[in-house]
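Me: Could you take one part of this structure and walk me through it closely? I'm in my first year, and I'd like each term explained as it comes up.

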Amino acid sequence: MKYTELKNDIKEGDRRIYLLEGEDAYFAMHGEEQIKNAFLSMPELNFASFDGADLKGRNISLLLSAMTVFPFMAEKRIIKVTDFHTTEQEYEKNLKDAFENCPESTILIIVNQSSGKGADLKRKKCITYVDCSHADEETVTRWVYVTLKKAGVAADVDACRDVAAYCLCDMSRVSKETEKLIAYGANQLTREDIGELVYKDADYRIYEMTEALARRNFGKFCAVYTDMLSKGTDGNIIISSLHRYFKNLLIMLSSSESDAAVATKLKMKEYGVKKSREQATALGREKLERLTRVLYDVSADMRSGKLTPEGAFDGAIANVLLG
């Protein structure tokens, strides 16, 4: 199930074993909190946690023993395991029977940022999989809109969508920025207000620059990098970020894999891959290959002393804008 379905699912009772898996730390943390709030009492006595890295070999018995302990003056006892990755062989030999016969008084929460190698726990029938991947733009926009509305702050859908975009749909950042907007104290927020108040993810600023380039909006391209420089961003960082970004666009353009698969390989957010693929198509392979090569050469010339940092930056921008 999706993270957004967990709240209603909990109302039907516990599921014994939950796997909260995905790169969005906000969803994983709040999913764990929802389960605890619903079923845990006296956590100082009825809650135990383990690091999955410590549950190797014979140490797996620590988890198995903990699962058999009865709760103290409560209906449930909750055990949490973080970053738990086991092989299929280990699962079949040591865990299958215990997981499939988990005591009614025990709830096991497994929190993994990624699926990792080995046993695919989310496909085990005895485990309830909760997808904690980054939400799509529509879901995040709706969350921002509802959260602001509950706090007495009015903002139209486009303004809320900007919050999602600036944070690349990373709910950990979205939640913090939304809290900041509420604390600002205004009864109504416009898109201009959002643009001034919400911190834009560094990757989003690069995305802004390349989107402007794809649309041949050179004025905006210059305005974005000028703003970044005025706020202390080093010119060489901008060159490196642009080079990495164009190289990734080239990879995305060449790949037939899903956005999620590409995001995992490039260590990016899935939402970012989706938007970047649109840019890659707009720019085209030939231009991306040229930009990647030119930015690499400029950066190499600066490192070798052939160009000053200022000269390298000016040369990079000139090549990007003028070819």
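Reply: Let's start at R215, which counts as exposed at 63% relative accessibility. Here, exposed means over 50% relative accessible area, buried means under 20%, and partly exposed is in between (1.4 Å probe, protein chains only). Before going on, a quick word on the ground rules: this is a predicted model, where local features need pLDDT of at least 70 and side-chain atom pairs count only at pLDDT 80 or more, while totals for chains, interfaces and linings use all residues. Residues are numbered from 1 along each chain as its sequence is written, and side-chain values use heavy atoms, with hydrogens and water left out.

Back to R215: its salt-bridge partner is E211, and their closest N and O atoms are 3.4 Å apart. A salt bridge is a side-chain nitrogen of Lys or Arg within 4 Å of a carboxyl oxygen of Asp or Glu. E211 has a relative accessibility of 18%, so this partner counts as buried.

Now look at helix 10, which covers residues 202-214. Helices are DSSP runs (H or I, at least four residues), strands are E runs of at least two, and both are numbered from the N terminus. R205 and E208 form a salt bridge too, with 2.7 Å between the closest N and O atoms. The two residues sit three apart in helix 10, so about one helical turn separates them. Buried or exposed, what are R205 and E208? Both are buried. They also belong to a wider network of salt bridges that links K200, R205, E208, D227 and K231.

Just ahead of helix 10 comes D201, in the loop that follows helix 9 (191-197). With a relative accessible area of only 13%, D201 is buried. Which residues does D201 touch, leaving out those up to four places away in sequence? They are Y166, L168, R173 and K269. Touching is a contact, meaning heavy atoms within 4.5 Å.

A little further along is F218, in helix 11 (residues 218-230). F218 is partly exposed, with a relative accessible area of 26%. Leaving out residues up to four places away in sequence, F218 touches L213 and L321. L321 is 103 residues from F218 along the chain, yet their C-alpha atoms are separated by 7.2 Å.

That kind of long-range contact fits into a wider picture. Among contacts in the chain with a separation of 6 or more, 74% are between residues 24 or more positions apart. The chain has 323 residues, and 44% of them count as buried. Its secondary structure comes to 16 helices and seven strands.

One more pair is worth a look for comparison. K265 forms a salt bridge with E257, and the closest N and O atoms are 2.9 Å apart. K265 is exposed, at a relative accessible area of 60%, whereas E257 counts as partly exposed at 32%. R205 and E208, remember, are both buried. Counted by the salt-bridge rule, the total comes to 24.
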